[in-house]
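Please read the points below with the sequence and the model open side by side. They are meant as a short colleague's note.

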Amino acid sequence: MQIPTLRTIQVFPDVPKSLQPLSEIANNLWWVWNHDAAELFRRLDRDLWERVKHNPVKLLGRLPQERLAEFAADPGYLAQVERVYASFKSQFTTPAWFQKNFPQDNTTQIAYFSAEFGLHESLPIYSGGLGVLAGDHLKSASELGLPLIGVGLFYRQGYFQQYLSADGWQQEAYPDLDPYNMAIELARFTDGTPVKVRVDMPENAVFAQVWRVNVGRIPLYLMDTNLPENSPQDREITGRLYGGGTEMRIRQEIVLGIGGLRALHAMGILPTVFHMNEGHSAFLALERVRELLEKYPQYSFDEVRQFVMAGNVFTTHTPVPAGIDMFPPELVTRFFRSYWPSLKLDEEGFLALGREDVTNKKQGFSMAVLAIRLADQCNAVSKLHGEVSRDMWHSIWPNVPVPEVPIQHVTNGIHVRTWISPDIAFTLDRYLGDAWMADPTDTDVWADVDNIPDEELWRAHERCREKLVVHARKLLRDQLQHRGGTYDELSVADSVLDPEALTIGFARRFATYKRATLLMRDRDRLRALLMNTQKPIQFVFAGKAHPADQGGKELIRQIVDFARDPAIRRRFVFIENYDMSIARTLVQGVDVWLNTPRRPYEASGTSGMKAAANAVLNCSILDGWWVEGYDPNVGFAIGRGEQYHDADYQDHVEGQSLYDLLERQIVPTFYDRGIDNIPREWVRRMKQCLRRLAPVFNTNRMVAQYCTALYKPASGRAVNLEADALKRSLKLAHDKEHLRHQWPGVKVVAVNQSGNGHFKVGEQVTVEAIIELNGLSPESLRVQLFSGPMNTDGRIEVASALDMQPLREVAPGRHLYKGAMDCKRSGRYGFALRLLPGLTDLATPYEPGLITWG
């Protein structure tokens, strides 16, 4: 029954005064990566802590008052509260990496937009790696002291809860989240009124309120359309993460990009840098243009666009075009018909911003293309992904050699303190001190891992495996009870997995390219491994398929069906409802982390990094981050990085390679024990894994790299272009327009090289060229000598580009340029001249359409 007039109140926990710091800590997700803080809440009631899914706000609200009073009188507990609270408060006053490295910087402010954030299982507004990476980004930004804020969406039902039917088919449930029992609060203006913003949809206006989540020093603002003033349809915009169809997706991305920017400005937050984590938020770039044109109505779209692009950073996470948000042109037209006049664009001008081929009017509107066209800084998320992305988006920069397409890479990482187990952390504390926490990127600190006795590291890891087994048994029993399992099935659940056996984990999003069932291609060979009682091996699987991904669901069904075999069901387990809690338990407790993507479809992958931070060895296809991380001393590689045209043949070859690794390397090495039952060679690799991988593949390194390579340059350019009412932005737009007008007449007239075409190693080839400038000044043009050794296909293998110097004007509009190249090794060399813009304010010389070869 719907009650017509319903008045609301909010009830807060009555926490004793001596325990008041608990409330403050509970409402800041700083506690998530501080084991001592988490232990404060766990001590209050361990069973309740599990039932509330590690949510300290809900825990404090459900504890009996007498229980709180009991701890309020416990001197030992109060001492721990005081110690943790002092550590919590110190983060706000202690200068961090950013303050130490940029003490004079009081202008940089970064806004980090993402469609999902995976901060903790108690705030389930994430689906997988993209969201968890975004959450780790904020945590490291907090530790490094970056002036950064996050912007996302508050999904009332989050991502789905997974359960399996009797036949192993994934089912989805969508329980509502309760923000009033979470570490989240409404953002308010100084007068106490909640922050609300308006965005326009085709039918009507939509209003969004703003929630705030505190992540250490970093505020995260989440947009929410679940308001009574909105229609039922519009209230559902922020209902589910990745729920609904294409139209729901464009509504969500309008609220995220346009609404998110309006919320920041309504609160007086004026960032200099806008980081778009994937293309979902790319509409923010258009909104930035619109606001500027409202402020400077005498300017054009292109004039303000230069400034907007300077402050935008775009990160692509997708190695295939099919993974990019693409909207039909007619849908975009319906949603933005009344919007593009405010940008001083017509329909074609607007739609061209999202087209890879601007001449193809039937092409869909790509959010990634929109972000690329409106951001001066673009990056991929691993070295290999950078190569794939430069090739994938080459058409946007025609005539630019693929290796020089202006998409760099910043390899992903993980927030070490979130993912490392307390047992391993305690061991590191004993032998490395607290320096590994203060600066997890310091390789000198991690070198002391060699000082850890083998026995101690192995025992710490064994405790993690034991915890995994206990946790898995409980989860399996609960899941079987939910499905109405029989007494025999429940009995099996209590005895699955061996706490001393070699344990291999596979847990991630169940997309078909990740090939979760590669391990099962030769089931007889797999059964032989599983039934070996002398050297037992066991596998733990977990993961969700997208609700619309029938192929991914079929992979789960196959695994669950195989696991029902009575002969192997204690050693082959699938855990339902994968979340960050299960992920932590798995990456901390397994011995090997298995990853079998179809190369090169894994942009980066971060679950293996989480395992490595716990001294767990990776066994993976050479894809994503593992291309950079792999070394025989730190893990295992399936194959040698080959790529195949026949997918079935690839699966066969790599499946056989995986079995060979298991039978000939992984199992024998793990069970190579001495009289003390310690696998010395395995532990040696565990130490190498910590030494070499942990200090590199972490988000403190990643965020610092973003700051120095992308954020700081973007902020500096944006500040310069903004000065004096966008004076330099206007000049850059006019100079570009002049270049485009004159460029068709710019050409190489003549080229002359020294010698007779035969040179010795160490000699230098001098090249002179006459260039027709067509009315351009020599300063606005770069003439480059593009050269290098050639391969058998007649292509330059590794090119170098050297600027040639203008000598003099030899005829009206024609200038003589001179350059030289060194003959560093014997063989066949090739060279060409290329002409590029030379404007000083360009972010990159590779301006689409402005490049000439001769």
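The points below take up a parallel sheet, the helices on it, an antiparallel group of strands and a pocket.

1. The model is predicted, and the points that follow should be read with that in mind.

2. The first item is an open sheet of six strands, paired in parallel and ordered β17-β16-β15-β18-β19-β20. Its edges are β17 (572-575) and β20 (635-638), each of which has a pairing partner on one side only. From one strand to the next, the twist averages 20 degrees.

3. Within this sheet, β15 (residues 502-507) runs parallel to β18 (residues 592-595), and two bridges join them. To locate this pairing in the model, look for Ile 504, whose bridge partner in β18 is Val 592.

4. Two helices that pack on the sheet deserve a look. Helix α21 (residues 454-482) touches β15 and β17, and its direction makes about 65 degrees with that of β17. Helix α25 (residues 580-589) touches β15, β16 (537-542), β17 and β18; its direction makes about 155 degrees with that of β16.

5. Helix α21 also packs against helix α29 (residues 680-693), at an angle of about 80 degrees and with the axes 10 Å apart. Because angles of 65 to 115 degrees count as roughly perpendicular, α21 is roughly perpendicular to α29. On the α21 side the contact is made by Asp 454, Glu 455, Leu 457, Trp 458 and His 461. The α29 side contributes Arg 680, Trp 682, Val 683, Met 686, Lys 687 and Leu 690. By class, the residues of this contact are six nonpolar, one polar and four charged.

6. Further along the chain there is antiparallel pairing. Strand β22 (residues 764-772) pairs with β21 (residues 747-753) over six bridges, and with β26 (residues 814-822) over nine bridges. Val 751 has Ala 769 of β22 as its bridge partner, while Val 765 is matched with Met 821 of β26.

7. The last item is the second largest pocket, which holds about 1,200 Å³ of space. Which residues lie nearest its centre? They are Gln 10, Asp 178, Pro 179, Tyr 180 and Trp 211, out of a lining of 39 residues.

8. As for where the lining of the second largest pocket comes from, α1 (20-26), α4 (56-62), β5 (185-186) and β7 (205-215) each supply at least two residues. The largest share, five residues, is from β7. The lining comprises 20 nonpolar, 11 polar and eight charged residues.

Terms used:
Residues numbered from 1 in each chain as written. Predicted model: local features only at pLDDT ≥ 70, side-chain atom pairs only at ≥ 80, totals over all residues. Heavy atoms only, no water. Pairing = 2+ DSSP bridges. Helix = DSSP H or I, 4+ residues; strand = E, 2+ residues; numbered from the N terminus. Axes fitted to C-alpha atoms, helices over the stretch in contact; angles between N-to-C directions. Contact = heavy atoms within 4.5 Å. Parallel < 35°, antiparallel > 145°, perpendicular 65-115°, else oblique. Nonpolar A, V, L, I, M, F, W, Y, C, P; charged D, E, K, R; others polar. 1 Å grid on protein atoms, 1.4 Å probe; cavity = no way out; pocket = protein on both sides within 12 Å on 5 of 7 lines; lining within 4 Å. Points joined across faces, edges and corners; volume = space filled by probe spheres on them.
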